[in-house]
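Here are my notes on the model you sent round. Have it open while you read, since I go from place to place.

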Amino acid sequence: MNTVITMFTLIVGMALGLIATIPDVPVAKLIIGLGAVGIAVPVLIYPFTYTLWLAIDLSVHPPDKAELAQADVAVSR
């Protein structure tokens, strides 16, 4: 999920950057800006995408009674 959202952000940013600056595209500035976005976005959205992915995984593979009992024992310690 993190990769998909980051790639979508980079593609949209590149398209908007190209459209806004045609015909004189500042390639170096665009690469530096998109590189910064490519580093910052995954770090910033990681907690949200991890939580969303875990929610999807738990809805597809719900824990059985044995796993819930094991979790109760672990929490009660």
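The numbered points below start with the ground rules and then walk through the places I looked at.

1. Ground rules. This is a predicted model, so to speak of local features I need pLDDT of at least 70, and side-chain atom pairs count only at pLDDT 80 or more, while totals for chains, interfaces and linings use all residues. Residues are numbered from 1 along each chain as its sequence is written, and side-chain values use heavy atoms, with hydrogens and water left out.

2. Met1. Met1 sits in the segment before α1 (2–21); helices here are DSSP runs of H or I with at least four residues, strands are runs of E with at least two, and both are numbered from the N terminus. Its relative accessible area is 36%, which makes Met1 partly exposed (buried is under 20%, exposed over 50%, partly exposed in between, with a 1.4 Å probe and protein chains only). Leaving out neighbours within four places in sequence, Met1 is in contact with Thr49, Leu52, Trp53 and Ile56, where contact means heavy atoms within 4.5 Å. Phe48 is 47 residues from Met1 in sequence, with 9.7 Å between their C-alpha atoms.

3. The surface patch. Which residues form a nonpolar patch with Met1? They are Leu52, Trp53, Ile56 and Val60, and the patch has about 480 Å² of accessible area together. Patch members need over 30% relative accessible area and no salt bridge; like charges are joined within 9 Å, and nonpolar side chains (Val, Leu, Ile, Met, Phe, Trp, Tyr) within 5 Å. A salt bridge is a side-chain nitrogen of Lys or Arg within 4 Å of a carboxyl oxygen of Asp or Glu. Areas come from the Shrake-Rupley method with a 1.4 Å probe, and for residues only the protein chains shown count as cover.

4. Along α1. Asn2 belongs to helix α1 and, at 17% relative accessibility, counts as buried. Beyond four places in sequence, Asn2 touches Pro42, Ile45, Tyr46 and Thr49. Thr6 is also in α1, and at 7% relative accessibility Thr6 is buried. With residues up to four places away set aside, Thr6 touches Gly38, Val41, Pro42 and Ile45. The C-alpha atoms of Thr6 and Gly38 are 6.6 Å apart, with their positions 32 residues apart in sequence. Met7, in helix α1, is partly exposed at 45%; its C-alpha is 9.7 Å from that of Val41, 34 residues away along the chain.

5. The cis bond. Worth a look: the peptide bond from Ile22 to Pro23 is cis, with omega near 15 degrees. Pro23 is in the loop between α1 and α2. For context, most peptide bonds are trans.

6. The tyrosines. The model has one aromatic pair, counting rings of Phe, Tyr and Trp (its six-membered ring) with centres within 6.5 Å; planes under 30 degrees apart are stacked, over 60 edge-to-face, and the rest tilted. The ring centres of Tyr46 and Tyr50 are 5.6 Å apart and their planes are at 35 degrees, so this pair is tilted. Both tyrosines lie in helix α2 (residues 27–60), four residues apart, about one turn of the helix. Tyr46 is partly exposed at 45%, and Tyr50 is partly exposed at 49%.

7. Helix α3. How many of the twelve residues of α3 are buried? The count is zero, and α3 is hardly covered. The length of α3 (residues 65–76) checks out: at 1.5 Å a residue the expected span is 16 Å, and the end C-alpha atoms are 16 Å apart. That expected span is 1.5 Å times one less than the number of residues.
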